[in-house]
Amino acid sequence: MKKIFFSIIAISFFIAACSKKSSTGGGAVTPPTVIDTSMYTMMPFAVGASVNINLMQNNTKYNSVVKKEYNSITAENAMKFGALHPSANTYNWTDADYLINFAQLNNKRVHGHTLIWYTSLPSWVTNFVGDSAAWENLLKTHIQTVVTHFKGKVVSWDVVNEDFEDTGVPRNSIWRQKLGNDYVARCFQYANQADPDALLFYNDYGHEYSAAKRTAIIAMLNDFKARGIPVHGIGMQFHITVGQSDANISAAINTAASTGLKVHISELDIRLNASAVQGLAYTNAMGVQQAARYKYVVKTYKAIPASQQFGITTWNVGDADSWIPGWQGAPDWPLPFDANYLRKPAYAAIIDGAK
Ligand code: G3I
């Protein structure tokens with residue numbers, strides 16, 4: 001009975017729609033449009049993902065999700081020192097150029113990651129023998145060759161990555177050992193000389209759990225601003241756990257914004273298995289909890305001045321692509337897409353948080 005009733009209602013709507021169309025001379029009835037959204041079209045600021053070139057080239061689902069959902073991309077590994085500059089006189093642009101080409105064809109912004117980092121260095125650098133002038137030349141040549149190659153194609157760079165310990169002490173990296181404490185400022189100057197239009201970021205993790213670290217980072221950036229060192233943004237990685245508190249998330253985002261610099265949540269992922277329980281299985285309840293954290297991050301970020309919102313980038317796309325399980329030695333599901341690139345609750349939460 002119910003079925004018949006609904007069928008009659010549906011037929012009447014159909015007839016009404018047809019007569020409306022024909023009365024305006026519209027001809028055939030257009031079926032209702034199925035609205036399938038894209039994340040970036042729903043967001044007031046850029047939303048990105050770091051991408052793996054191998055997956056971009058060999059996994060069509062991955063490639064189409066990147067194309068459809070994001071308007072900013074970062075190379076997960078392809079622009080690191082070792083990937084681009086494997087030996088002293090060799091630069092390998094192939095993978096990074098593939099990404100640039102994809103971005104240009106699909107109208108995506110490219111954020112460069114990362115010019116100088118204490119790790120992922122090729123052995124020719126870690127074994128390099130030379131005085132401070134030779135080290136300076138190595139540093140400057142790498143930065144300027146890379147920035148020049150991508151000039152006009154990469155809008156922004158993580159110039160230096162992870163230069164502080166969690167205690168707030170500057171990291172005793174090979175660069176600091178060879179070049180002194182102020183080498184970081186010079187990296188920014190070298191990058192700026194090569195592309196004065198590029199936005200230059202300092203990128204690090206731990207702002208949300210170490211007040212000492214974020215204080216040291218902010219002090220360095222304020223010092224750079226006072227000295228006229230060209231720095232435009234602060235990248236906060238945000239590899240966080242589902243248990244991370246509202247207070248810590250807010251403190252990180254708002255302290256970064258207090259610099260007046262652009263703020264990039266640059267490597268967001270939210271771990272569900274921080275205690276590294278072997279054999280843990282994903283449940284809907286876990287997905288819902290995770291979504292609430294994603295939403296809080298986005299909502300808090302949305303509240304900083306719009307001119308400082310450089311965007312939010314997740315560290316890869318689907319759960320199966322994440323670096324977390326390998327690093328943690330246990331399963332995890334830290335991203336807004338599952339292993340089949342289906343949207344998890346976190347996906348809608350990101351959009352909701354930005355409303
Ligand atoms: O490409 C080689 C491959 O030829 C080799 O067979 C294989 C064997 O291990 O290694 C491959 O390289 C790995 C590379 O990822 C590409 O998959 C490296 O060993 C591995 O160390 C590297 O890990 C990356 C890591 O940075 C170190 O560069 C992760 O994918 C990447 O997600 C991670 O990203 C970092 C950010 O750059 C900075 N912030 C933290 C974040 C997570 O660690």
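**Exercise 1. In this predicted model, decide whether K344 is buried or exposed, then describe its salt bridge.**

*Solution.* Begin with the accessibility: K344 has a relative accessibility of 7%. The cut-off for buried is under 20%, so K344 counts as buried. Next, look for the partner. K344 forms a salt bridge with D319, and the closest N and O atoms are 2.9 Å apart. Then place both ends on the chain: D319 sits in the loop between β9 (309–314) and α13, while K344 belongs to the loop between α13 and α14. The two are 25 residues apart, and the pair links distant parts of the chain. Finally, check the partner: D319 is buried too, with a relative accessible area of 6%.

**Exercise 2. Find which residue pairs with E69 in a salt bridge, and work out how each end is classed by accessibility.**

*Solution.* Start with the pair itself: E69 forms a salt bridge with R343, with 2.9 Å between the closest N and O atoms. Now trace the chain. E69 lies in helix α3 (residues 60–69), and R343 lies in the loop between α13 (324–328) and α14 (345–353). This pair also links distant parts of the chain, 274 residues apart. Last, compare each end with the cut-offs: buried means under 20%, and partly exposed runs from there up to 50%. E69, at 3% relative accessibility, is therefore buried, whereas R343, at 34%, is partly exposed.

**Exercise 3. Classify both ends of the salt bridge between E165 and R171, then name the residues that shared salt-bridge partners join into one network.**

*Solution.* First, the distance: the side chains of E165 and R171 meet at 3.9 Å, N to O. The salt-bridge cut-off is 4 Å, so the pair qualifies. Second, the ends: E165 is partly exposed, with a relative accessible area of 31%, and R171 is buried, at 9%. Third, the network: D166, D204 and K213 are joined through salt bridges that share partners. For the overall tally, the structure holds twelve salt bridges.

**Exercise 4. Describe what surrounds the ligand and how much of its accessible area the protein covers.**

*Solution.* Count the shell first: 13 residues surround the ligand, and the closest are E76, K80, H113, S120 and E267. Sort the shell by class, and you get three nonpolar, six polar and four charged residues. Then list some polar contacts. N77 places a polar side-chain atom 3.0 Å from an oxygen atom of the ligand. For Q237, a side-chain N or O atom is 3.0 Å from a nitrogen atom of the ligand. W315 has a polar side-chain atom 3.0 Å from a ligand oxygen atom. To finish, take the area: on its own the ligand has 790 Å² of accessible area, of which the protein covers 45%.

Notes:
Residues are numbered from 1 along each chain as its sequence is written. This is a predicted model: local features need pLDDT of at least 70, side-chain atom pairs count only at pLDDT 80 or more; totals for chains, interfaces and linings use all residues. Side-chain values use heavy atoms; hydrogens and water are left out. A residue is near a molecule or strand if one of its heavy atoms lies within 4 Å of it. A polar contact is a pair of N or O atoms within 3.5 Å; within protein, one must be able to donate a hydrogen and the other to accept it, and residues adjacent in sequence count only if both atoms are side-chain atoms. Accessible areas come from the Shrake-Rupley method with a 1.4 Å probe; for residues, only the protein chains shown count as cover. Ala, Val, Leu, Ile, Met, Phe, Trp, Tyr, Cys and Pro count as nonpolar, Asp, Glu, Lys and Arg as charged, and the others, Gly among them, as polar. Helices (H or I, at least four residues) and strands (E, at least two) are DSSP runs, numbered from the N terminus. Buried means under 20% relative accessible area, exposed over 50%, partly exposed in between (1.4 Å probe, protein chains only).
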